[in-house]
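Please open the structure in your viewer and keep the selection panel at hand. The tour goes from one selection to the next and says what can be found at each stop.

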Amino acid sequence: MGSLNLTQLKAKQHAKVLELDGGYAFVQRLEALGVRPGIQITKISSHFWKGPVTVLVGKTKIAIGYGMAKKIKVMVK
Amino acid sequence: MLSRESKILLIGNPNVGKSAIFSRLTGAKVTISNYPGTTVGLSQGYMKFRPDEMGIVIDVPGIYSLVPLSKADEVAVDMLKEGDVIINVVDATNLERNLFLTLELKEKKPLSIVALNMWDETRHKGIEIDVEKLERELGLTVVPVCGITGFGIKELREKLVNLKKTSKKVLTKDQKWEEIGRILELSQTLHHHHHTLLERFEDISTRPGTGLPIAVLVVYCSFMLIRLIAETLIENVFEPAFTNIWMPFLERISSLMGSEGFFHDVIIGRLINGNIDYGQSFGLLSTGLYVPLAAVLPYILSFYLILGILEDWGYLPRLATQVDNFMHRIGLHGYAIVPMILGLGCNVPGAMALRLLENRREKFIAATLMAVAVPCMAQIAMIVGLVGERGGRYVALIFGILFLIVVVKGVLMNTIMPGKSPEILWEIPPYRMPHPKAVIKKLWMRVTEFLKEAVPYVLLGVFIVNMLYVLNAFDFLARIFAPVLTGMWGLPKETISALMMGFLRKDVAVGMLAPLSLTTKQLVIACTILAIYFPCMATFVVMLRELGIKDMLKSALLMILTAVSVGALLNIFL
């Protein structure tokens with residue numbers, strides 16, 4: 001399976017984070033919440049009209065804005 | 001190691017329960033809720049650690065790492081320099097992410113202790129932590145605690161006093177994550193566990209298909225409950241108390257004072273058709289007490305009860321994701337709903353929570369919208385009381401107009417102002433059963449705060465009204481503002497007195513409309529304008545601090561412009 005971004009992932013799919021494709025602050029903020037390359041995440045849901053994507057990282061649920069989610073590259077197992 | 005002057009900092013990720021532990025250690029009263037960002041400022045309290053020795057404990061807003069990414073983070077990181085000892089509060093159900101900050105802190109301060117909070121939740125979640133191994137591998141003292149129930153706090157106190165310096169080893173970011181992996185491998189075992197009812201509900205309220213209807217239902221039920229509880233309290237407790245107990249007492253004093261005269265009118269109020277009228281007499285002991293205690297207090301009680309349950313349950317961050325879409329259209333992101341909801345109680349804490357928002361643009365938009373279209377509960381209670389007499393649909397009309405203003409003004413500001421709304425990136429905490437004791441404690445704290453803040457100012461407001469009437473000061477202002485008041489808004493010029501009072505207390509201001517015998521249309525216009533034209537003094541001061549002079553002036557100009565144009569439009573179209 002090739003790489004996708006987080007918005008393309010379907011609900012309940014598991015994936016591995018490949019890359020955070022953004023600036024310093026973007027990478028820092030996501031890593032602080034536990035989203036970093038190599039980590040396993042599970043998508044919970046996305047909202048219509050380019051709404052936020054919610055994911056499960058470890059035991060934490062996070063809401064990520066659509067634009068940010070697009071910059072998170074993942075690989076489905 | 002601790003001395004009289006020791007500063008003890010409570011540091012940890014957002015929403016790990018620092019404030020609950022702070023409150024346990026110091027006995028100080030602070031707001032504790034289940035959402036990240038409850039604490040926006042520094043709270044300070046004293047803790048006794050030996051019979052006659054005290055230390056200063058500081059509750060620091062939550063941070064994920066020591067690399068500051070926002071102003072709020074900077075404040076927290078700067079505090080580190082001042083602290084002597086750190087209590088690193090860690091969410092035991094989420095060790096991996098939390099330990100990153102722990103390792104960072106260990107590099108900075110040799111004296112720290114780890115409080116493993118939410119210990120009670122680990123068992124249901126199938127998490128088994130070997131505290132001894134964790135202590136050994138981390139090289140720090142670790143104490144399992146539960147801030148809400150108080151479990152482990154005594155041990156935390158004792159171990160805090162005998163803390164030993166730790167060795168430090170500086171690691172790179174990747175090394176830290178590796179080290180965390182190694183530590184958890186040795187000290188934590190995860191068991192499979194069945195989904196609890198709460199967890200299942202968590203899932204359905206996050207999915208958009210079911211989440212949105214649930215959000216609508218939760219908000220609707222909350223408002224219905226707030227109204228039901230408040231009205232029941234008014235009908236069965238507050239009205240009877242004021243009519244059957246307080247009124248005969250006032251009547252006796254009134255006749256003793258001769259039923260008229262300056263002092264009588266200030267203290268008891270003017271008699272309306274020979275009787276004291278709580279709505280119209282405007283004496284200190286009549287209207288001055290009736291407004292805050294009988295009209296507003298029941299709504300404050302029921303609003304904060306329901307809000308407290310929603311907060312502790314963990315619903316607010318979910319609501320934030322559901323409304324994120326809409327909020328982007330008005331230049332904000334979903335989490336901006338949190339200050340708005342707090343603002344419905346009182347705009348002052350609402351304005352303080354503006355700090356949760358990332359940038360200046362967002363803060364500006366949120367502050368302007370809050371000041372214009374989020375009336376506080378005191379004002380809402382008075383509007384419901386006064387306008388409700390003319391029919392519930394007029395109350396609905398006022399709130400409909402306010403909502404329309406939010407949309408139109410938000411979209412306009414979002415279009416005109418350069419830049420765009422930032423993306424939401426927020427942790428969604430698990431649902432937790434609200435702890436009845438904690439809910440009551442928070443309610444009590446907020447209600448006493450209201451009584452301490454509101455009653456003196458309402459009395460002051462009523463006193464000022466009396467003085468200004470005696471001095472005929474309103475006549476002068478009324479003449480100046482007549483072109484706007486009468487010409488554009490179609491209101492009698494006497495309403496200027498209410499608009500003036502609105503700077504001090506909006507509830508008293510709405511109450512001042514009662515004796516003016518306005519038509520329903522005038523009443524709707526006057527109440528709407530009172531809500532939008534300017535925030536009360538207390539809110540203004542906080543907003544000024546959060547926005548700075550320049551932005552506040554711009555925002556104030558927008559408020560006045562909105563009031564003038566909305567008033568004129570309503571006068572034409574209603």
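How far apart do the C-alpha centres of domain 1 of chain B and domain 2 of chain B lie? In this predicted model, the two centres are 39 Å apart.

**Stop 1: the two domains of chain B**

To see them, select residues 7-190 of chain B, which the domain assignment gives as domain 1, and then residues 208-573, which it gives as domain 2. Where the two touch, 15 residues come from domain 1 of chain B and 20 residues from domain 2 of chain B. On the domain 1 side of this contact, seven residues are nonpolar, seven are polar and one is charged.

**Stop 2: chain B as a whole**

Now select the whole of chain B, whose secondary structure comes to 24 helices and nine strands. Its radius of gyration is 27 Å, close to the 25 Å that the globule rule gives for 574 residues, so chain B is as compact as a globular protein of that length. Taken along the principal axes, its C-alpha atoms fill a box of roughly 80 × 55 × 45 Å. Of the 574 residues of chain B, 47% count as buried, and among its contacts with a separation of 6 or more, 72% are between residues 24 or more positions apart.

**Stop 3: the six-stranded sheet**

Next, colour the strands E1, E2, E3, E4, E5 and E7 of chain B, which form an open sheet with mixed pairing in the order E2-E3-E1-E4-E5-E7. At its edges are strand E2 (43-50) and strand E7 (141-144) of chain B, each of which pairs on one side only. If you look along the sheet, neighbouring strands are turned by 25° against each other on average, with direction ignored.

Within this sheet, pick out strand E4 (residues 85-91) and strand E5 (residues 112-117) of chain B, which pair in the parallel sense over six bridges. As a marker for this pairing, show Asn88(B), which stands opposite Val114(B) in E5(B).

Two helices can be added to the view. Helix H5 (residues 131-138) of chain B lies across E5 and E7 of chain B and runs at about 150° to E7(B). Helix H6 (residues 153-161) of chain B lies across E2, E4, E5 and E7 of chain B, and its direction is at about 165° to E7(B).

**Stop 4: Lys7(B)**

Which strand of chain B holds Lys7(B)? Lys7(B) lies in strand E1 (residues 7-12) of chain B. Select Lys7(B) together with Ile56(B), Ile58(B), Glu82(B), Gly83(B) and Asp84(B), the residues that it touches when those up to four places away in sequence are not counted. Although Lys7(B) and Gly83(B) are 76 residues apart along the chain, their C-alpha atoms are separated by 5.0 Å. Why does Lys7(B) count as partly exposed? It has 16 other C-beta atoms within 10 Å, and a residue is called buried at 20 or more such atoms and exposed at 12 or fewer, so Lys7(B) falls in between.

**Stop 5: chain A**

Hide chain B for a moment and show chain A, which has two helices and six strands. Following chain A from the N terminus, you meet the elements in the order β-β-α-β-β-β-α-β. A compact globule of 77 residues would have a radius of gyration near 11 Å, and chain A, with 11 Å, agrees with this. The box filled by its C-alpha atoms, taken along the principal axes, is roughly 25 × 25 × 25 Å. Of the 77 residues of chain A, 43% count as buried, while 59% of the contacts between residues at least 6 apart in sequence join residues at least 24 apart.

**Stop 6: where the chains meet**

Finally, bring chain B back and select the contact between the chains, in which 22 residues of chain B meet 24 residues of chain A. The elements that give two or more residues to the chain B side are helix H3 (95-108), helix H12 (316-329) and strand E9 (425-428) of chain B, and the largest share, four residues, comes from E9(B). By class, the chain B side divides into eight nonpolar, eight polar and six charged residues.

End the tour on E9(B) and strand E5 (residues 60-64) of chain A, which run antiparallel and are joined by four bridges. To find one of the paired positions, select Ile62(A), whose bridge partner in E9(B) is Glu427(B).

How values were computed
Residues numbered from 1 in each chain as written. Chains lettered and ligands numbered in written order. Predicted model: local features only at pLDDT ≥ 70, side-chain atom pairs only at ≥ 80, totals over all residues. Contact = placed C-beta atoms within 7 Å. Nonpolar A, V, L, I, M, F, W, Y, C, P; charged D, E, K, R; others polar. Pairing = 2+ DSSP bridges. Axes fitted to C-alpha atoms, helices over the stretch in contact; angles between N-to-C directions. Rg over C-alpha atoms; globule rule 2.2 N^0.38 Å. Domains from an automatic or database assignment.
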